[in-house]
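Subject: Structure for your review

Dear colleague,

I am handing over the structure we spoke about, and I would be grateful if you could look through it with the notes below beside you. The sequence and coordinates come first, and my findings come after them.

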Amino acid sequence: MEKLRVAIQKSGRLSDKSLELLKEAGISLNNGSRKLRSVAQSFPLEVIYLRDDDIPQYVEDGVAQIGIVGENEYAEKNCAVDLVERLGYSRCRLSIAIPKGGSYDNLKDLNGKRIATSYPVILEKYLGERGIKSDVHVLSGSVELAPSIGIADAIFDIVSSGSTLISNGLKEVETVMHSEAVIISNRNLKEGEKALLADLLFRIRSVLAASNNKYILLNAPNHNLQKIIDVIPGMKSPTIMPLAQEGWSSVHSVLSEKTFWAVIGQLRELGAQGILVIPIEKMIV
Ligand code: PRT
Ligand code: ZN
């Protein structure tokens with residue numbers, strides 16, 4: 001019988017959330033503590049644990065049919081794999097930074113400059129497309145130290161909060177790409193593997209949709225009912241039920257996390273009362 005092999009980072013910023021996602025998709029693994037490999041009980045799937053740098057190549061080679069990596073590793077390794085889903089966690093950006101006292105107007109200022117990075121492929125593509133010729137130095141770690149020890153004029157690295165840059169006396173001057181965890185897939189899956197991947201993606205999308213949405217219940221004065229419905233359209237349209245009290249209705253709907261606070265504000269202005277917001281466990285879209 002076909003089985004999906006999924007490559008996940010062994011230990012690092014992607015590991016816990018990736019395992020958590022599989023768990024929420026109903027896939028429980030037989031050994032809680034991470035080893036080299038674990039087998040799922042309720043789904044024909046096994047997980048292999050690797051360094052994130054190695055995952056794109058293993059997926060291209062078909063050692064694993066799919067993998068979860070940062071989009072930056074997917075872009076840097078430039079392997080022949082497909083990006084099949086964005087997962088929304090481990091978000092960061094990849095930026096160029098220079099010493100904070102340095103002057104900077106635009107990318108042309110980087111012509112002829114030495115830039116230290118662990119992501120030469122992404123950087124050279126970005127500079128090349130814009131006609132900039134810099135001297136790219138590849139370092140495997142501690143890139144942020146390069147300017148202060150005199151081996152580079154600028155760096156290109158991952159930024160999240162920005163505090164690493166600040167504590168190394170650097171300032172961000174260009175954001176080159178945004179990254180988040182993504183699922184990548186081998187391009188030559190067998191029919192059975194494709195079907196398993198489709199099933200897994202269906203589950204994962206239900207988990208993601210649920211975490212991006214909330215269930216909302218509220219009491220609306222009938223004279224503003226249409227305006228309130230316009231603010232919260234819901235998945236198809238909201239459910240409306242009359243309240244025992246004359247002139248009022250109960251409205252049930254689904255709200256996106258992104259617009260949540262803005263919508264709540266509008267609902268209150270329209271006279272909505274008794275607003276309840278409830279997490280959704282799974283959302284089948
Ligand atoms: O051992 P292995 O090779 O598997 O792990 P790794 O050390 O290469 O990767 P890891 O676990 O550090 O990161 C895995 C992935 O998480 C990265 O490829 C990114 O896609 C994503 N990610 C998200 C980050 C960060 N946020 C992050 N902040 N990866 C690294 N950082 C580092 C960054 O290198 C810099 O030194 O954190 C520092 C910057 O953070 P701020 O908050 O100070 O700006
Ligand atoms: Zn790595």
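What follows is a walk through the metal site, the salt bridges, a polar cluster, the backbone and the surface.

Please keep in mind throughout that this is a predicted model, and that every value below was computed from it.

**The zinc site**

The zinc ion (ligand 2) takes its protein donors from D52 and D53, in each case through an OD atom, at distances of 1.9 to 2.1 Å. There are four donor atoms around this ion, and because the angles they subtend run from 74 to 177 degrees, the arrangement is irregular. A tetrahedral assignment would require all angles to lie between 85 and 135 degrees, and the range of 74 to 177 degrees goes outside that window. The two aspartates fall into separate burial classes: D52 is buried, at a relative accessible area of 17%, whereas D53 is partly exposed, at 25%.

**Salt bridges**

The structure contains 18 salt bridges, and I describe here a few that may interest you. As general background, side chains of opposite charge can pair when their charged atoms come close.

One of these bridges joins K3 to E46, with 3.5 Å between the closest N and O atoms. Since K3 belongs to the segment before β1 (4–9) and E46 to strand β3 (residues 45–50), this pair ties together parts of the chain that are 43 residues apart in sequence. K3 is partly exposed, with a relative accessible area of 37%, while E46 is buried, with a value of 4%.

E46 also meets the side chain of R37 in a salt bridge, at 2.6 Å from N to O, and R37 is partly exposed, with a relative accessible area of 46%. Taken as a group, K3, R5, R37 and E46 are linked in a network of salt bridges, so that a buried residue, E46 at 4% relative accessible area, is one of its members.

A further bridge is found between R114 and D153, whose closest N and O atoms are 3.2 Å apart. This pair links distant parts of the chain, with R114 in strand β7 (residues 114–117) and D153 in the loop between β8 and β9, 39 residues away. R114 is partly exposed, with a relative accessible area of 28%, and D153 is likewise partly exposed, also at 28%.

**Polar contacts of H252**

Which side chains does the side chain of H252 touch through polar contacts? The side chain of Y215 is one partner, at 3.1 Å, and the side chain of S250 is another, at 3.2 Å. H252 itself is found in strand β14 (residues 248–256), and with a relative accessibility of 16% it counts as buried, since the limit for that class is under 20%.

**Backbone points to check**

Most residues other than glycine have a negative phi, and two residues in this model are therefore worth a look, N78 with a phi near 50 degrees and S142 with a phi of about 50 degrees. N78 sits in the loop between α3 (71–77) and β5 (82–86), where it counts as exposed at 60% relative accessibility. S142 sits in the loop between β8 and β9 and is partly exposed, with a relative accessible area of 46%.

**Surface**

The loop between β8 (135–138) and β9 (154–159) also holds I151, which is partly exposed, with a relative accessible area of 36%. Together with L145 and I149, I151 forms a nonpolar patch on the surface, and the accessible area of these residues taken together is about 260 Å².

Lastly, K23 is placed in helix α1 (residues 15–24) and is exposed, with a relative accessible area of 58%. Should you want a reference distance across the fold, the C-alpha atoms of K23 and Y89 are separated by 15 Å, the two residues being 66 apart along the chain.

With best regards

Key. Residues are numbered from 1 along each chain as its sequence is written. Chains are lettered from A and ligands numbered from 1 in the order in which they are written. This is a predicted model: local features need pLDDT of at least 70, side-chain atom pairs count only at pLDDT 80 or more; totals for chains, interfaces and linings use all residues. Side-chain values use heavy atoms; hydrogens and water are left out. Patches are made of residues with over 30% relative accessible area and no salt bridge: like charges are joined within 9 Å, nonpolar side chains (Val, Leu, Ile, Met, Phe, Trp, Tyr) within 5 Å. Accessible areas come from the Shrake-Rupley method with a 1.4 Å probe; for residues, only the protein chains shown count as cover. Helices (H or I, at least four residues) and strands (E, at least two) are DSSP runs, numbered from the N terminus. Buried means under 20% relative accessible area, exposed over 50%, partly exposed in between (1.4 Å probe, protein chains only). Donors are N, O and S atoms within 2.8 Å of the metal (3.2 Å for Na, K and Ca); water is not among the atoms, so sites may look incomplete. Four donors count as tetrahedral if all angles lie between 85 and 135 degrees; four count as square planar and six as octahedral if opposite donors are over 155 degrees apart and all others between 65 and 115; anything else is irregular. A polar contact is a pair of N or O atoms within 3.5 Å; within protein, one must be able to donate a hydrogen and the other to accept it, and residues adjacent in sequence count only if both atoms are side-chain atoms.
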